Amino acid sequence: MSVKGKKLDNHLQTSYTKIADYRAKKRIWLEGLRLDESGFSKGVNYNITYDYNSGVMSLELNETGNRKVSGRKKGDGHVAILDICNSDVVKFVGTAQRVRVDYFLGKIQISKHHHDKKKEERESRLKRNLFAGVITEGAV
């Protein structure tokens, strides 16, 4: 949000990315200039926290963080890479195929894509109504 070119908060950008399958786990792969603009340059430490109630995964820069931003050489410099691939990601995303990534200064928030959230809500509502006997007949 801006007023005459001045930022009112530290929100930089929003992007959407697919969730990849990697060795029977889910993988969220982020790379490029968006990371550098957020402060996630190659070699800096960060922590990940999962808030399952709100559905938000937060990555915050922390000098004593237990994870480190990796990277690869490109031209004269490096490209920052975040590769998040563990069992917590599987629990966090469930059956979702895409995520929304919000970039802030010193922080990145990842949540399920709104279409995937709505799909899960519809399927849950259908199952609940089937078991409750509200729906007795259907057509495909």
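## Exercises on a predicted chain

At 48% relative accessibility, Ser87 is classed as partly exposed; this value, like those that follow, is computed from a predicted model.

**Exercise 1.** Place Ser87 in the secondary structure, and state how far its C-alpha atom lies from that of Lys26.

*Solution.* Begin with the element: Ser87 belongs to helix H2, which covers residues 87–93. Next, consider exposure: the partly exposed class runs between 20% and 50% relative accessible area, and Ser87, at 48%, therefore falls into it. Finally, turn to the distance: although Ser87 and Lys26 are 61 residues apart along the chain, their C-alpha atoms are separated by 7.9 Å.

**Exercise 2.** Decide whether Arg27 is buried or exposed, and describe its surroundings.

*Solution.* First, locate the residue: Arg27 is part of strand S5, which spans residues 25–31. Second, compare its accessibility with the cut-off: buried means under 20% relative accessible area, and because Arg27 has 18%, Arg27 is buried. Third, look for a polar partner: the side chain of Arg27 makes a polar contact with the side chain of Asp83, at 2.9 Å. Fourth, list the neighbours, leaving aside residues up to four places away in sequence: Arg27 touches Lys18, Ile19, Ala20 and Tyr22, and also Asp83, Ile84 and Cys85.

**Exercise 3.** Identify the residues that make the nonpolar surface patch of about 340 Å², and characterise Ile135 among them.

*Solution.* The patch is made by Leu126, Leu130, Val134 and Ile135. As for position, Ile135 is found in the segment after helix H3, the helix of residues 114–132. As for exposure, Ile135 has a relative accessibility of 31%, so Ile135 counts as partly exposed.

**Exercise 4.** Compare the radius of gyration of the chain with that of a compact globule of 140 residues, and add the overall dimensions, contacts and surface.

*Solution.* Start with the secondary structure, which comes to 3 helices and 12 strands. Then make the comparison: a compact globule of 140 residues would have a radius of gyration near 14 Å, whereas the chain has 19 Å. The box filled by the C-alpha atoms, taken along the principal axes, is roughly 65 × 45 × 30 Å. Continue with burial and contacts: buried residues account for 28% of the 140 residues, and of the contacts between residues at least 6 apart in sequence, 60% join residues at least 24 apart. Close with the accessible surface, which is about 9,500 Å², with 50% of it belonging to carbon and sulfur atoms.

Note on methods: Residues are numbered from 1 along each chain as its sequence is written. This is a predicted model: local features need pLDDT of at least 70, side-chain atom pairs count only at pLDDT 80 or more; totals for chains, interfaces and linings use all residues. Side-chain values use heavy atoms; hydrogens and water are left out. Helices (H or I, at least four residues) and strands (E, at least two) are DSSP runs, numbered from the N terminus. Buried means under 20% relative accessible area, exposed over 50%, partly exposed in between (1.4 Å probe, protein chains only). A polar contact is a pair of N or O atoms within 3.5 Å; within protein, one must be able to donate a hydrogen and the other to accept it, and residues adjacent in sequence count only if both atoms are side-chain atoms. Contact means heavy atoms within 4.5 Å. Patches are made of residues with over 30% relative accessible area and no salt bridge: like charges are joined within 9 Å, nonpolar side chains (Val, Leu, Ile, Met, Phe, Trp, Tyr) within 5 Å. Accessible areas come from the Shrake-Rupley method with a 1.4 Å probe; for residues, only the protein chains shown count as cover. A salt bridge is a side-chain nitrogen of Lys or Arg within 4 Å of a carboxyl oxygen of Asp or Glu. The radius of gyration is taken over C-alpha atoms; the globule rule is 2.2 Å times the number of residues to the power 0.38.
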